[in-house]
Amino acid sequence: MKRKYIASLLCVCLLLCNLSIIPVKHAQAEKIHLTSKEVIIIKGQYAFIGLKGTDSKVKWRVTGGNIKIHETDKNSGKTWAYCYIKALKTGKGTLKCIVNKKVLKCRVNVLAKPAFIGDFSDDAGEVYLDIFKSGKKYVAFYSQFRLAKLDWLEGTVNNGILTLNGRDPAGNPITVTLSCKGNKRIFTFEKTAWEYFTQGSTIALKKCRGKDGYEHALHGFELYYNTYI
């Protein structure tokens, strides 16, 4: 009887262990996802989409003639991968990420000249701001030569002003805005506690030409991924 009792107890323990494993595997599978399921960019602009949660080999594909793949990381031995796409013409397309026999998709909508989407710089070429739209949110990366990088600022437009929130280089909350003044975009530090930024100060920006904004944003994207993801 004692042996039967022990055998029964072992069976119950084994069953409970198996049951506890099932949801863990399911949760792990759910972690694999793209940083954006939908992006809105302008013609000629580059957009960044990352893959999180796996170190498996990755393939990137596009459908629709309005976008093309510019650069990728195929994830050889790393814990993340990314893809840059370039907008060729207005219209809609899809970026596909194939990993572990699954297909993850990001819808891409290319517009002509929206006010707050694109790559921007100051006259001295020391400040770069890259903005695209991820779903309903605007996403921005800010870089100031030899001073600071602000990664993954996020926000919305209200009454013609784009308000973005994120973290300063010290990890504290920061709020900035972008408004239109003719062909210029006025970047303002609305709320900041960082010693090298002045609250209320502004920087006049203009849209970049060619790859200027992309090349500066590229380093910012990679730094963000290596640091935070």
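**Figure 1. Trp-194 and its partner ring.** In this predicted model, Trp-194 has a relative accessible area of 13%, so this residue counts as buried. Trp-194 pairs with Phe-197 in an edge-to-face arrangement, with 4.9 Å from centre to centre and 65° between the planes. Phe-197 is buried too, at a relative accessible area of 6%.

**Figure 2. Tyr-142 meets Phe-197.** Here the ring centres are 6.5 Å apart and the planes stand at 85°, so this pair is edge-to-face. Tyr-142 sits in strand S11, whereas Phe-197 belongs to the loop between S15 and S16, so the pair links parts that lie 55 residues apart in sequence. With 1% relative accessibility, Tyr-142 is buried. Zooming out a little, one aromatic cluster brings together Tyr-142, Phe-187, Phe-189, Trp-194, Tyr-196 and Phe-197. The full count of aromatic pairs is twelve.

**Figure 3. The largest nonpolar core.** This core has 25 residues, and Leu-129, Tyr-142 and Phe-187 touch the most other members. Among the elements that give it two or more residues are strand S2 (38–42), strand S10 (127–134), strand S11 (137–144) and strand S16 (202–207). A second core lies apart from this one; its 23 residues include Val-39, Ala-47, Leu-51 and Val-108. Which residues surround Tyr-142, leaving aside neighbours within four places in sequence? Its contacts include Val-127, Leu-129, Leu-150, Leu-153, Phe-187 and Ile-203, along with Lys-149.

**Figure 4. An open four-stranded sheet.** The strands follow the order S1-S3-S6-S5, with antiparallel pairing. Strand S1 (33–34) and strand S5 (67–72) each have a single partner strand, so one side of each lacks a neighbour in the sheet. S1 is joined to strand S3 (residues 46–52) by two bridges, and His-33 stands opposite Lys-52 in S3.

**Figure 5. The whole chain and its confidence.** For context, the protein chain contains two helices and 16 strands, and 41% of its 229 residues are buried. Of the contacts between residues at least 6 apart in sequence, 48% join residues at least 24 apart. The chain exposes about 13300 Å², with 53% of that supplied by carbon and sulfur atoms. How confident is the predictor, and what is the mean pLDDT of the chain? The mean is 81, and 76% of the residues reach 70 or more. Please read residues 19–29 with care: pLDDT is below 50 there, and the stretch has one contact in the model beyond near neighbours in sequence. Residues 223–229 also stay under 50, although the model gives them 16 contacts beyond four places in sequence.

Notes: Residues numbered from 1 in each chain as written. Predicted model: local features only at pLDDT ≥ 70, side-chain atom pairs only at ≥ 80, totals over all residues. Heavy atoms only, no water. Buried < 20%, exposed > 50% of the residue type's maximum accessible area, 1.4 Å probe, protein only. Contact = heavy atoms within 4.5 Å. Areas by Shrake-Rupley, 256 points an atom, 1.4 Å probe, with all protein chains shown as cover. Core = buried A, V, L, I, M, F, W, Y, C linked by side-chain atoms within 4.5 Å. pLDDT = per-residue confidence, 0-100. Pairing = 2+ DSSP bridges. Phe/Tyr/Trp six-rings, centres within 6.5 Å; stacked < 30°, edge-to-face > 60°.
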